[in-house]
Amino acid sequence: MTAVLPLPSSTPARVATPRRFVMCRPDHFEVTYAINPWMDPAAPVDRARALSQWEILRALLEQHGHSVETVPGEPGLPDMVFAANSAIVIGGRALSARFAHPERQPEGPAFHRWFAARELRELAVAAETNEGEGDFTFAGERILAGVGFRCTAAAHAEAQRFFGLPVLSLELIDPRFYHLDTALMCLDEATIAYYPGAFSPQAREALAVHYPDAILATEADAMSFGLNGVSDGRHVFLDPGATELIAALRERGFEPVPVDMSELRKGGGGVKCCVLELHTPRP
Ligand code: ARG
């Protein structure tokens, strides 16, 4: 006989809500330049494998009740697969990206054209360097934003004005975790997980004040890109290598869904980097 053990009463029931995601097929994925420490143009990339990992991620998101729209990739723009960087979209308002590196700058107009063909309440190109959800995480009552490697403080101020939401600026200090979404993941509007070592002492303090119950991930979890995950409030799609984080998520009532994105990792990205969310704030 199997016994069903109840969750400890302190563990809240986690509720998934259907999400709208945007992804870009890695048809043109390769590593021809290095703009983060994970990229090595001398190391071979298996594009077919990258494509099949990406297809599995898309299928898993759909199987869990989420919609996925796709932006066509463009030849010569190998990092377009990292669609999280294309924009920040909250409540039908979209701020499309302005990339830091010349190699990625043409992605800005390519993604912008796709957004311009959608029905949006408002669409603007960021005036400041802004790599979309790479550095900005919508956390319900506020936006958490990374600064230090890609995005500037001026971009945080611009996002705060554009969305009319407070932006909490968090300084990143470790080049391996060059975008906020490599070091911090929003699990629901009140719960986050992060790797403290990626942040400056002031940022760590701010995180501790605002999120005293956060899951603190280990360096090994972060190195596995475990924090580069996507949560629907219950299911957390993340790298299977982040074993301690996976255990911590289970303990907190979340349901980890492992997704291997090791081929895309050669570009310095994981699950979250491949997925932009079109956020619908709760009324
Ligand atoms: N090669 C890309 C870059 O360095 C990877 C971007 C990953 N995206 C992300 N949201 N972290 O810009």
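Modeller: Helices (H or I, at least four residues) and strands (E, at least two) are taken here as DSSP runs, numbered from the N terminus. The model is predicted.

Biologist: Which helix supplies at least two residues of the lining of the second largest pocket?

Modeller: The second largest pocket holds about 160 Å³ of space. Its lining has 13 residues, with Arg20, Val89, Glu119, Leu120 and Leu278 nearest the centre. Strand E15 supplies at least two residues of that lining, and so much is also supplied by helix H2 (107–116).

Biologist: How many charged residues are in the lining of the second largest pocket?

Modeller: By class, five residues of this lining are nonpolar and four are polar. The charged residues number four.

Biologist: Which strand gives the largest share of the lining of the largest pocket?

Modeller: About 640 Å³ of space lies in the largest pocket. Five strands each supply at least two residues of its lining: E1 (20–24), E6 (136–138), E9 (184–188), E12 (230–231) and E15 (276–279). The largest share is five residues, and they come from E9.

Biologist: Which residues lie nearest the centre of the largest pocket?

Modeller: The lining has 35 residues. By class they are 16 nonpolar, eight polar and 11 charged. Those nearest the centre are Arg19, Asp188, Ser231, Glu277 and His279.

Biologist: How much space lies in the largest cavity?

Modeller: With a threshold of 30 Å³ or more, the count of cavities is one. The space in the largest cavity is about 70 Å³.

Biologist: Which residues lining the largest cavity are closest to its centre?

Modeller: The lining of this cavity has 13 residues. They divide into four nonpolar, six polar and three charged. Closest to the centre are Asn36, Phe82, Arg104, Tyr178 and Gly267.

Biologist: Where does the ligand sit?

Modeller: The ligand has 16 residues around it, and Arg104, Arg150, Asp181, Gly267 and Cys273 come nearest. By class, this shell has six nonpolar, six polar and four charged residues. The place where the ligand sits is the largest cavity.

Biologist: Which side chain has an N or O atom 2.6 Å from a nitrogen atom of the ligand?

Modeller: The cut-off for a polar contact is a pair of N or O atoms within 3.5 Å. An oxygen atom of the ligand is 2.8 Å from an N or O atom in the side chain of Asn36, and a polar side-chain atom of Arg104 lies 2.6 Å from an oxygen atom of the ligand. For the ligand nitrogen, the partner at 2.6 Å is in the side chain of Asp181.

Biologist: What percentage of the area exposed by the ligand alone does the protein bury?

Modeller: Taken alone, the ligand exposes 350 Å². Of that area, the protein buries 100%.

Notes:
Residues are numbered from 1 along each chain as its sequence is written. This is a predicted model: local features need pLDDT of at least 70, side-chain atom pairs count only at pLDDT 80 or more; totals for chains, interfaces and linings use all residues. Side-chain values use heavy atoms; hydrogens and water are left out. A residue is near a molecule or strand if one of its heavy atoms lies within 4 Å of it. A polar contact is a pair of N or O atoms within 3.5 Å; within protein, one must be able to donate a hydrogen and the other to accept it, and residues adjacent in sequence count only if both atoms are side-chain atoms. Accessible areas come from the Shrake-Rupley method with a 1.4 Å probe; for residues, only the protein chains shown count as cover. On a 1 Å grid over the protein atoms alone, a cavity is a set of points where a 1.4 Å probe fits but cannot get out, and a pocket is an open set with protein on both sides within 12 Å along at least five of seven lines; lining residues have an atom within 4 Å of a point. A molecule sits in a cavity or pocket if more than half of its atoms lie within 2 Å of its grid points. Ala, Val, Leu, Ile, Met, Phe, Trp, Tyr, Cys and Pro count as nonpolar, Asp, Glu, Lys and Arg as charged, and the others, Gly among them, as polar. Grid points are joined across faces, edges and corners, and a volume is the space filled by probe spheres set on the points.
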